[in-house]
Amino acid sequence: MRVIIGAAVGFALIFLAQSVTAASRDSSSMKRILVLGDSLSQGFGLRPAEPYPALLIEKLRGAGLNFEIINASQSGGTTAGGLQRLPGHLKRKIDIFILELGINDAFRGVPIVQIRNNLQAIIDMVKARYPNVRVIIAGMQLPNYGEDDYVFAFGQIYADLAARNNAAFIPYLLEGVGGDPLLNQPDHVHPNAAGQKILADNVWRVLEPIARETATESPARVQ
């Protein structure tokens, strides 16, 4: 494992760097996946090998797919923060973009329209730099989903953005994990190592066919 990913440990925003590479290290044929998320993707409270982006490397390797994953996730990350940090992660070509942000905005009561606009601006920035990138949106939900106007509207953001941008969609990243004390850390918010394995499965169901398609595409000239 080479260290190249910017990430944060805890809400103190202590930055780490980590990169994970699947299959061959032949850079001429390697494709790249960028994950832009918050503590759920960064792996708050866990070892570097335990968050789902690191676990996806084993799945890619097992499928014989030559990909590198750049985990640009940060604990406490918001949509506004992600938008601000994104340009620095677009200097190297990416083929697949996984977007997992917004839940921290919701916890702070950020207006729905602002969350949606920030997420759309992130997608627009990625596509402007790499028009052929494949986008995957990880959906999130608040507790008591559907029982409050804000809660319902927040959960709907992700499906709407996926449809609008012709993006692949993970309906709920924490499916099978959220609310289960056996799969979460003592804070009842962040998945433990066992929970992250389920998150990896949730992402892999959507990522695998896209990665297989992307792996067969000829390298495109960087715009």
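I started at Glu-213, which comes out partly exposed at 41% relative accessibility. A reminder to myself before going on: this is a predicted model.

**Entry: the partner of Glu-213**

I looked for what Glu-213 pairs with and found Arg-134, in a salt bridge whose closest N and O atoms sit 3.0 Å apart. This one spans the chain: Arg-134 belongs to strand S7 (residues 134-138) and Glu-213 to helix H7 (residues 193-215), with the two positions 79 residues apart in sequence, so I noted it as a link between distant parts. I checked Arg-134 for burial too, and it is partly exposed, with a relative accessible area of 26%.

**Entry: still on H7**

Which side chain does Arg-212 meet in a salt bridge? I found Glu-208, at 3.1 Å from N to O. Both residues lie in helix H7, four residues apart, which is about one turn of the helix. Buried or exposed? I got the middle class for both: Arg-212 is partly exposed at 38%, and Glu-208 is partly exposed at 25%.

**Entry: Arg-32 and Glu-68**

Next I pulled up Arg-32, whose side chain forms a salt bridge with that of Glu-68, 2.9 Å from N to O. Again the pair ties together distant parts of the chain: Arg-32 is in strand S4 (residues 31-37), Glu-68 is in strand S5 (residues 67-71), and they are 36 residues apart. I looked up accessibility for each. Arg-32 has a relative accessible area of 17%, so it counts as buried, the cut-off being under 20%. Glu-68 is buried as well, with just 1%. I then asked which residue joins these two in a network of salt bridges. It is Arg-92, linked with Arg-32 and Glu-68.

How many salt bridges does a search of the whole structure find? I count on the search result here: eight. As a general note, side chains of opposite charge can pair when their charged atoms come close.

**Entry: Gln-120**

I moved on to a polar residue without a charge pair to chase. Gln-120 sits in helix H5 (residues 112-129). Its relative accessibility is 8%, so I have it down as buried. What does the side chain of Gln-120 make polar contacts with? One partner is the side chain of Asp-124, at 2.8 Å. Another is the side chain of Asn-165, at 2.9 Å. I also listed what Gln-120 touches, leaving out residues up to four places away in sequence: Leu-161, Arg-164 and Asn-165. Asn-165 therefore turns up both as a touching residue and as a polar partner of Gln-120.

**Entry: helix H2**

I went through helix H2 (residues 52-62) for its buried residues. They are Tyr-52, Pro-53, Ala-54, Leu-55, Leu-56, Ile-57 and Leu-60. After H2 comes Gly-64, and I noted its positive phi, near 70 degrees.

**Entry: the whole chain**

Last, I took the totals. I find seven helices and eight strands in the chain. Of its 223 residues, 52% are buried. For contacts between residues at least 6 apart in sequence, I get 75% joining residues at least 24 apart. The chain exposes about 10100 Å², and carbon and sulfur atoms supply 55% of that.

Methods: Residues are numbered from 1 along each chain as its sequence is written. This is a predicted model: local features need pLDDT of at least 70, side-chain atom pairs count only at pLDDT 80 or more; totals for chains, interfaces and linings use all residues. Side-chain values use heavy atoms; hydrogens and water are left out. A salt bridge is a side-chain nitrogen of Lys or Arg within 4 Å of a carboxyl oxygen of Asp or Glu. Buried means under 20% relative accessible area, exposed over 50%, partly exposed in between (1.4 Å probe, protein chains only). A polar contact is a pair of N or O atoms within 3.5 Å; within protein, one must be able to donate a hydrogen and the other to accept it, and residues adjacent in sequence count only if both atoms are side-chain atoms. Contact means heavy atoms within 4.5 Å. Accessible areas come from the Shrake-Rupley method with a 1.4 Å probe; for residues, only the protein chains shown count as cover.
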